[in-house]
Amino acid sequence: MSDSEWQDDLAEPSEPLKIVVSGPVGAGKTTYVRTLSEVLMLDTDVEASEDIGKSHTTVAFDFGTLNVDGHMVHLYGTPGQERFDFMWEVLCEGALGLIMLVAGDQPKDFPKARAILDFITSRYDVPFIVGVTHQDLLVVWEPDEVAAYLRLPPEHVVGLDATVFSSSVQTLIRLLELVESPVSQLI
Ligand SMILES: Nc1nc2c(ncn2[C@@H]2O[C@H](COP(=O)(O)OP(=O)(O)O)[C@@H](O)[C@H]2O)c(=O)[nH]1
Ligand SMILES: [Mg+2]
C-alpha cells in the first residue's frame with residue numbers, strides 16, 4: 001500500500017489512533033516516544049529499584065502525541081520490567097496497533113520480546129510490527145535476521161534508529177500500512 005492509500009483509509013477519525021510501544025527494558029521505548037512526540041512528555045523514568053543494567057527505567061508509561069497527515073496518533077510506551085506486566089493489558093485496551101521494539105545489539109533480549117509479543121497478541125487481536133532498534137550501530141542484528149530468529153514474516157520486522165525522527169516515523173507508517181481497517185476498529 002502506498003502512503004497516500006493508507007491515508008485515505010484513515011479518513012477523518014474522530015478518535016486519536018492509539019498505538020502501544022512495548023518491548024524489553026533498554027529496547028528504546030522511551031527514546032522512541034520522545035523522538036516522535038510533538039508535546040512535552042510526561043517523564044515517568046525513575047531510578048531503577050533493581051539491577052536492570054541501567055540507572056533509570058520507566059514506571060507507569062511513556063506518552064506522546066504526533067500528527068500524521070491530519071490524524072492524531074497517541075503513543076503509549078509500556079514499562080519493560082515484568083512486575084509491571086499488568087500495565088501491558090491496560091494499555092492495549094482499544095489499541096489500533098502494537099510496535100514491539102527490541103535492541104538489535106541485545107540478542108539475549110529477543111526471547112523476552114517474543115514472550116511479550118505472545119502475551120499481548122494472545123489476549124488482543126492487535127496488528128503489530130517488530131522494530132529492531134540500534135540500526136545505527138556497527139554490530140547489530142538486521143531486521144531479516146531477527147524475523148528469522150522470532151519466526152515472523154519479514155514484512156512484520158523493520159529496523160530503525162529510535163533516536164532519529166524519520167526512521168522512527170517510518171516504523172509507525174509500516175504499522176499503519178498493516179492495519180487494514182483502522183476507522184472501523186475505532187467505532
Ligand atoms: N544508538 C542508539 N541508541 C538508542 C536507540 N534506541 C535507544 N537508544 C538508547 O538506548 C538506551 C535505552 O533506551 P530507552 O529508551 O531508555 O529504553 P526503554 O527501556 O525501552 O525505554 C538509551 O540510552 C537510548 O538513548 C537507537 O536506535 N540507537
Ligand atoms: Mg523506558
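Two strands are said to pair if DSSP finds at least two bridges between them. In the predicted model described here, strands S6 and S7 run parallel and are joined by six bridges. Thr-133 of S7 is the bridge partner of Ala-103. Between these strands the chain passes through helix H4 (residues 110–123), and the resulting β-α-β crossover is right-handed. A right-handed β-α-β unit is also made by S7, helix H5 (residues 143–150) and S8. Strand S8 (residues 157–159) runs parallel to S7, and three bridges join the two. One bridge partner in S8 is Val-157, which is matched with Val-130.

Strand S7 itself covers residues 128–133; six of its six residues are buried, so the strand is largely enclosed by the rest of the structure. In a regular strand, side chains alternate between the two faces of the sheet. In S7, Phe-128, Val-130 and Val-132 point one way, whereas Ile-129, Gly-131 and Thr-133 point the other way, and all are buried.

The chain as a whole contains seven helices and eight strands. It has 187 residues, of which buried residues make up 40%. Contacts between residues at least 6 apart in sequence were also considered, and 70% of them join residues at least 24 apart.

An antiparallel pairing is found between strand S4 (residues 62–68) and strand S5 (residues 71–77), with seven bridges. In this pairing Thr-65 stands opposite His-74 of S5. The hairpin formed by S4 and S5 has two residues between the strands, and Asp-69 takes a positive phi near 50° there.

The largest nonpolar core holds 44 residues, and those touching the most other members are Ile-19, Val-20, Val-21, Ile-99, Met-100 and Val-102. Strand S6 (residues 97–103) supplies the largest share of this core, with six residues. With neighbours within four places in sequence left aside, the contacts of Ile-19 are Val-73, His-74, Leu-75, Ala-95, Leu-96, Gly-97, Ile-99, Leu-172 and Leu-175.

Lys-18 lies in strand S1 (residues 17–22). A residue counts as buried if 20 or more other C-beta atoms lie within 10 Å of its own. Lys-18 has 20 other C-beta atoms within 10 Å and is therefore buried. Outside its neighbours within four places in sequence, Lys-18 is in contact with His-74, Tyr-76, Gly-94, Ala-95 and Leu-96. Of these contacts, Gly-94 is 76 residues from Lys-18 along the chain, and the C-alpha atoms of the two are separated by 7.3 Å.

Helix H2 spans residues 29–36, and seven of its eight residues are buried, so the helix is largely enclosed by the rest of the structure. The buried residues are Lys-29, Thr-30, Tyr-32, Val-33, Arg-34, Thr-35 and Leu-36. Helix H2 also gives the most to the shell around ligand 1, contributing three residues. In total, 17 residues surround ligand 1, and the closest are Gly-28, Lys-29, Thr-30, Thr-31 and Ala-162. By residue type, the shell divides into four nonpolar, ten polar and three charged residues.

Notes:
Residues are numbered from 1 along each chain as its sequence is written. Chains are lettered from A and ligands numbered from 1 in the order in which they are written. This is a predicted model: local features need pLDDT of at least 70, side-chain atom pairs count only at pLDDT 80 or more; totals for chains, interfaces and linings use all residues. A residue is buried if 20 or more other C-beta atoms lie within 10 Å of its own, exposed if 12 or fewer, and partly exposed in between; C-beta atoms are placed from the backbone. Helices (H or I, at least four residues) and strands (E, at least two) are DSSP runs, numbered from the N terminus. A residue is near a molecule or strand if its C-beta atom, placed from the backbone, lies within 6 Å of it. Ala, Val, Leu, Ile, Met, Phe, Trp, Tyr, Cys and Pro count as nonpolar, Asp, Glu, Lys and Arg as charged, and the others, Gly among them, as polar. A nonpolar core is a set of buried Ala, Val, Leu, Ile, Met, Phe, Trp, Tyr and Cys residues joined through C-beta atoms within 7 Å. Two residues are in contact if their C-beta atoms, placed from the backbone, lie within 7 Å. A crossover is right-handed if, with the strands pointing away from the viewer, the path from the first strand over the helix to the second runs clockwise.
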